[in-house]
Amino acid sequence: MVHSRLEDATGLKEELIGNAWSAAVKAHKHADKPFLLDKTRDFSIISFAGSWSPEAWFSASDSSFGETKIDRQLFPSVRSIGLDEYAEVNSAFFRRFEAILGKLKDVLKANKPVVFTGHSAGGPVAILATIWLLEQQRNSNTNFTPPKCITFGSPLVGNFIFSHALKREKWSIHFVHFVTRYDIVPRIHLAPLPSLQPHLQTILTSLNSRSLGSASNGNVATEFFMTVMRNASAVASNAACHLMGNTNLLLDTLKSFVKLSPYSPFGTYIFFTDSEKVVVVTNPDAVLQILFFACQLSSESECDNIAHQSLKAHWEYESKMRQNLELLHAIRLDELDKLPLSLTGRNTPITQALNELGLSSRALLNLRAAGSYEEQKIKNQERMSVKKQDIEKLLNRLEENYRDVCKVDGLGYYDAFKLQKDPKDFQANIKRLEQAGIWDEIVEMLKRYELPDEFEGQDEWIQIGTRFRCLYEPLDIANYYRHSKNDDTGPYMIKGRPKRYRFTQRWLEHNQKMTEPSEVSTLWAEVEELRIQTRTKLYAECSREIIELEKKMKRWINEIENDMLLKKSTFMEWWKTLPEHHRSQSCIRDDIERMANTEDATNSM
């Protein structure tokens with residue numbers, strides 16, 4: 001736990017935070033404009049107004065929570081790379097962002113660093129604008145200062161893949177979200193639209209007018225608050241069970257009938273307390289728990305009062321910003337697994353701040369579980385790092401003791417492995433199976449998100465994963481067609497390709513921002529399928545696929561020539577059966593002739 005100034009905890013100067021709030025409030029007064037642009041000495045501050053119609057918060061046509069898949073053209077990085085699963089975002093907020101994007105591009109041509117900001121429903125638009133600009137900068141060869149995003153009382157925007165992707169890209173550090181203890185807005189999207197619909201317009205009108213208004217009539221505010229908190233309780237409890245490794249079958253059964261909110265926090269959250277302390281949290285699982293437990297009622301008698309407070313708190317940022325921000329004490333919850341299980345009898349700055357947020361013993365237990373879960377991810381990576389040494393040894397041995405030896409024998413290692421005529425072929429198969437076991441374990445952990453979010457973006461794993469894929473996948477393909485698995489299962493690329501190769505290929509393609517797939521390791525599979533097709537089909541029926549294969553081989557010629565272009569290779573034996581007019585015009589003809597001359601010269605020595 002770290003006790004520091006707000007600037008030290010967020011990396012943002014207090015003056016900039018104050019300017020961002022002023023810009024966000026100003027934007028509310030000009031809601032007819034897509035955004036406002038204010039310039040300070042060091043930054044361009046772009047602010048977005050909130051919106052107070054239910055359609056701007058939920059899109060009923062998509063689902064009960066209003067989520068939709070993010071646009072992969074605008075946000076190609078916001079996905080789980082290995083699984084190739086794109087994040088879900090709130091459809092209503094996303095459509096509003098899309099509507100202003102054209103005008104936003106016009107004002108972003110200046111080189112001054114940008115801060116995006118918004119209060120209430122302006123926050124999600126600021127978030128999406130920031131991510132969009134980070135995507136643009138990622139695809140540019142020019143060095144830019146990354147944009148910052150500062151929100152106040154923002155609703156949640158995306159699901160856990162959204163949070164996962166931003167952390168992997170090291171973008172989450174650029175987002176700072178301020179939340180008062182009771183503000184209902186950051187919690188609203190934990191409840192489904194149908195449960196909120198009876199009172200949503202009344203509540204939004206009250207939030208816009210900064211007064212309870214008609215929300216104070218009857219039990220409107222109380223019913224709305226209780227609906228949100230019941231759903232928040234279900235989401236927080238389900239998340240806590242996952243963090244603690246609870247395998248309760250009843251919970252799994254209930255989840256199949258009752259859909260819970262998909263939304264997840266991300267970035268740095270600053271929770272205001274009633275004193276001059278703020279609690280700084282970067283763990284999204286911990287943020288979710290605080291969003292629920294900080295509003296949890298200790299008795300039913302509090303209900304009406306807290307419900308009304310939850311609406312008033314949405315505008316309490318104004319009074320908080322009038323404080324001297326430099327005097328605020330920031331309490332960073334970095335070591336969550338070391339939190340005490342009870343605050344009773346403890347009087348430290350940390351326990352005081354947690355008390356002021358109203359966190360119960362149960363809340364502390366769940367926060368510790370969130371910390372322990374992240375620690376376990378780090379331990380899992382450390383264990384894989386030890387195994388990485390085994391991976392490297394196996395790669396070196398296969399290269400030196402098998403691939404290079406096979407080349408000397410005049411037969412590429414793909415064909416040698418497929419024939420399995422020598423003891424060294426059997427040993428290579430053992431190494432293949434050892435590697436498969438290690439990488440399949442990594443893939444399974446990634447599928448369950450049991451490794452740090454940054455894992456798939458780490459250069460060392462991308463490099464060794466690429467080396468593994470290019471060296472070992474041809475052996476998997478050889479084994480697949482040697483045993484004629486294609487007869488029962490279908491083509492390797494459609495039915496037989498293991499996830500360990502799909503994952504490592506996607507890592508490289510994302511890291512290198514490749515516009516064409518890295519297909520060097522799967523060329524043999526295409527060769528095998530074309531060999532099968534040309535047995536029963538005329539050349540004219542397969543010519544397009546053959547030419548496409550040759551183009552791919554030309555692209556990767558330096559990587560494949562010492563295996564695929566050897567005279568005795570499966571590819572060359574098949575290629576020689578193609579019509580002469582095709583071979584004479586082939587884009588790889590010169591490469592084949594050059595390789596044949598090199599091979600002849602080597603054999604004559």
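## Notebook: salt bridges, a covered helix and some loops

**Entry 1, a network.** I began with charged side chains and found R5, E7, K13 and E14 linked in a network of salt bridges. The model is predicted, and I keep that in mind for each entry below.

**Entry 2, the total.** I then searched the whole structure for salt bridges and got 41. I looked up three further pairs one by one.

**Entry 3, K418 and E528.** These two residues form a salt bridge, with the closest N and O atoms 2.6 Å apart. The pair links distant parts of the chain, 110 residues apart: K418 sits in helix α14 (residues 413-419) and E528 in helix α20. Are the two partners buried or exposed? I noted both K418 and E528 as buried.

**Entry 4, R500 and D476.** I found a salt bridge between the side chains of R500 and D476, at 2.9 Å from N to O. R500 belongs to helix α19 and D476 to helix α16 (residues 459-482), so this pair ties together parts that are 24 residues apart in sequence. I checked the accessibility of each partner against the cut-off for buried, which is under 20% relative accessible area. R500 has 7% relative accessibility and therefore counts as buried. D476 also comes out as buried, because its relative accessibility is 7%.

**Entry 5, K552 and E526.** The side chains of K552 and E526 meet in a salt bridge as well, at 3.0 Å from N to O. K552 is in helix α21 (residues 539-555) and E526 is in helix α20, so to speak of distant parts of the chain, they are 26 residues apart.

**Entry 6, helix α9.** How many of the 10 residues of helix α9 are buried? I counted nine in this helix, which runs over residues 284-293 and is mostly covered. The buried ones are P284, A286, V287, L288, Q289, I290, L291, F292 and F293. I asked next what they pack against. The list holds α5, α7 and α13 (361-408) among the helices, and the strands β12 (263-264), β13 (268-272) and β14 (277-281). At the start of α9, I noted that a side-chain oxygen of N283 comes to within 2.9 Å of the backbone nitrogen of D285.

**Entry 7, residues 381-408.** I looked up the UniProt record, an unreviewed entry, and it annotates residues 381-408 as "coiled-coil region". In the model this span is 100% helix and 0% strand, and its end C-alpha atoms lie 39 Å apart.

**Entry 8, a nonpolar patch.** On the surface I found a nonpolar patch formed by M244, L341 and L365. Together they have about 240 Å² of accessible area. I placed M244 in the loop between α7 (220-243) and α8 (249-257). M244 counts as partly exposed because its relative accessibility is 38%.

**Entry 9, positive phi.** I checked for positive phi in residues other than glycine and wrote down two lysines. Phi of K170 is near 60°, and K170 lies in the loop between α5 (160-168) and β11 (175-179). Phi of K513 is near 55°. Where is K513 placed? I found K513 in the loop between α19 (499-511) and α20 (523-536). With 37% relative accessibility, K513 counts as partly exposed.

Conventions:
Residues numbered from 1 in each chain as written. Predicted model: local features only at pLDDT ≥ 70, side-chain atom pairs only at ≥ 80, totals over all residues. Heavy atoms only, no water. Helix = DSSP H or I, 4+ residues; strand = E, 2+ residues; numbered from the N terminus. Buried < 20%, exposed > 50% of the residue type's maximum accessible area, 1.4 Å probe, protein only. Patch = residues over 30% accessible without salt bridge, like charges linked within 9 Å, V, L, I, M, F, W, Y side chains within 5 Å. Areas by Shrake-Rupley, 256 points an atom, 1.4 Å probe, with all protein chains shown as cover. Contact = heavy atoms within 4.5 Å. Polar contact = N/O pair within 3.5 Å; in protein donor to acceptor, adjacent residues only side chain to side chain. UniProt positions renumbered as here; feature names shortened; annotations may be inferred.
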